[in-house]
Amino acid sequence: MAKPSSDPGGQVIALREQLEFHNYRYYVLDDPQIPDIEYDRMLRELEALEAKYPELQEEESPTQKVGGFVARTFSEVVHAQPMRSLSNAFEAEEVESFDRRVRELLDLERGDVEYVAEPKLDGLAVSLRYENGWLVQAATRGDGRKGENITQNMRQVMRQHTRLSGKDVPPILEVRGEVFMRKDDFDQLNRSQQAAGDKTFVNPRNAAAGSLRQLDPSVTARRPLSFYSYALGDVVSDRVPPTHWEIMQWLGELGLPVSDRLERVKGVEGCLDYYRRTLDARDQLSYDIDGIVYKVSRMDWQQSLGFTAKAPRWALAHKFPAQEEITVLEKIEIQVGRTGAITPVARLKPVFVGGVTVSNATLHNRDEIARLDVQEGDSVIVRRAGDVIPEILSVIPQRRPKGSKPFVFPDHCPVCGSAVVYERDGVIARCSGGLFCDAQRRENIKHFASRKAMDIEGLGEKIVDQLLEQELIHDVSDLYALKIEQVASLERMATKSATNLIEALEKSKHTALAQFLFALGIPLVGETTAETLAENFGELESIMSADEERLQRVPDIGPVVAESIRVFFEQPHNREIITKLLENGIEWPKSAPREAASDSAFNSKTVVLTGTLSMARSDAKKILQNLGAKVTGSVSKNTDFVVVGVDPGSKADKAEHLGVKIIDEREFLSLAGLADS
């Protein structure tokens, strides 16, 4: 918006400059800085000022001309007939006013006007010129009078429609329409761009515009663009249908793509009913739309109604509520989820977008904060579509307040103070204080009691909730201090069921080390890893005191899992709860750690198995682990042996390239001491 000024002339100049700047960003650079709704607000503010002060009106004002430009990178095309934009309506009353003006100009006293209603596609307007059935020229709308020659690019988009089909193909047919990108195609394109290390697109509209305005047509050919016809331009033909509805059917018969959501509607009520139905279906459509277009269907009435300098009097764009808005990010807060996942949340200055007032938006993770380069105090573009959680699309750097600083992701959980550990190459942050953290208590207790963990029969979700609500427990160790009378006092519990639960708790004290490790809920430690730890260490204290180097010598434990285990056991409160559990009587049979034969050729070696062996791969892996080997799935310079079977594939090739020792199954069994004598 323009800066407040008591001088109307100054306000008008400021608004025109801003609108021209944003027109250039939108139409030429395909990189808008503000959402459409913000642009529309500035344009309407300028229209109101020019209406109030007619002496300030100018022919070159953005209110009097189409918003596009002609880029110097393309040759110029002069449109045979101007390509105008549309007047906008945002409220039902404005649609009623439009219909009333149409009726007055046509001098209609009764009867409803027939309109053709269609979705307003969010893409790029183009003109296609066919001569004797062949596509000979294509151009962007540009400034309405002249556009950019994009013929070669549109031939890629219209590969199946470069020649018209059907009967009575006119000598000259100019078709106006919209080039757009479907949502699924847009998502796939962005995934490909990201994988290639290229810039991703903000939305399908910008992706379509950027793809169509490539200097190299082969790039456009690789982009998933679509086209729908919506009007005629210059036509030389003995047979032009008398209504817009029939013209659209005719274009379909000629083989041109036409929206299947066009409808004939009667009067204002018909228009508004179509608007409501399409708004409800908006999120289910395969492409983005930002409103509805109403057009008087009779072509002779269109001709009588004519045009303003900028738009036809016989058509109107009825815009949907904005799915994107500008607001201020007031604060970034950290939330801790039930599983310890740490998520940054943007606290926003409340803004009405997507039909609701939004005050929060997810920022996903620290990588997303870095990608957006978002800071507290920034003006941001927020998007909300349907039931989708609001998200921040981009930052407006020009509006960043002085003195703002990059957000620093926490090293410690804001709820319990435990260290934050990272997973998936540092993308996922998680609190390590699982047994202690208030944010995780409920889920951790449920996990602790589950069948594959401590197997506490009868300790279901509702009982856990009641125990926490009544503060009878605060962590898993408190379960073993519960009394029958305390449990019996819970809703829907009696002495018998309470006794059964206490007996189940008592029974669960006799467990196995692997089950106990799994029950603790150590991040990234599932059943298999818990069993492997128990087998390789034999006792809990050895696991708790192991450093990352020692942990990584355990089969299938890499640096990320090793760090998670170490950090978990380093937390004093986790150790305190474990001590209380043991003091409450939890025990398991003692067992010695699995020891590898010190004279084994595989002891402390890294081995990869590849190809088809005579035994199951899992059996071969077990043999190697029992001999002290670490079995991994990929070959690297740190690999000591690659055991090859039949059809070993690329792993054997890589081993040969790296100079890693390759042995066949017979040599493997011989070195393992298992070969037949």
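Arg-277 and Asp-273 both lie in helix 9 (residues 267-281), and because they are 4 residues apart there, about one helical turn separates them. In this predicted model, Arg-277 forms a salt bridge with Asp-273, with the closest N and O atoms 2.9 Å apart. Arg-277 counts as partly exposed because its relative accessibility is 38%. Asp-273 is likewise partly exposed, with a relative accessible area of 34%.

This pair belongs to a wider set, as the structure holds 35 salt bridges. Side chains of opposite charge can pair when their charged atoms come close. Another example is the salt bridge between Arg-383 and Glu-324, whose closest N and O atoms are 3.2 Å apart. The pair links distant parts of the chain: Arg-383 belongs to strand 15 (residues 379-383) and Glu-324 to strand 12 (residues 324-336), with their positions 59 residues apart in the numbering. Arg-383 and Glu-324 are both buried. Elsewhere, Arg-442, Glu-443, Lys-446, Glu-461 and Asp-465 are joined into one network by salt bridges that share partners.

A further salt bridge connects Asp-143 with Arg-145, and here the closest N and O atoms are 3.4 Å apart. Are these two partners buried or exposed? Asp-143 counts as buried because its relative accessibility is 19%, and the cut-off for buried is under 20%. Arg-145, at 51% relative accessibility, counts as exposed, since the cut-off for exposed is over 50%.

Charge also gathers on the surface. Glu-91, Glu-93, Glu-96 and Glu-269 form a patch of negative charge there. One of these residues, Glu-96, is placed in helix 3 (residues 92-106). Glu-96 counts as partly exposed because its relative accessibility is 35%.

The interior can be considered next. In soluble globular proteins, nonpolar side chains tend to be buried together. The largest nonpolar core in this structure has 55 residues, and those with the most contacts inside it are Phe-448, Ile-456, Leu-479, Ile-565 and Phe-569. Which elements give two or more residues to this core? They are helix 12 (441-449), helix 13 (461-469), helix 15 (495-508), helix 16 (513-519), helix 17 (527-537), helix 18 (540-545), helix 20 (559-570) and helix 21 (572-583). Helix 16 gives the most to the core, with 6 residues.

Technical notes:
Residues numbered from 1 in each chain as written. Predicted model: local features only at pLDDT ≥ 70, side-chain atom pairs only at ≥ 80, totals over all residues. Heavy atoms only, no water. Patch = residues over 30% accessible without salt bridge, like charges linked within 9 Å, V, L, I, M, F, W, Y side chains within 5 Å. Areas by Shrake-Rupley, 256 points an atom, 1.4 Å probe, with all protein chains shown as cover. Salt bridge = Lys/Arg side-chain N within 4 Å of Asp/Glu carboxyl O. Lys, Arg positive; Asp, Glu negative; His and termini not counted. Charge placed at Lys NZ, Arg CZ, Asp CG, Glu CD. Buried < 20%, exposed > 50% of the residue type's maximum accessible area, 1.4 Å probe, protein only. Core = buried A, V, L, I, M, F, W, Y, C linked by side-chain atoms within 4.5 Å.
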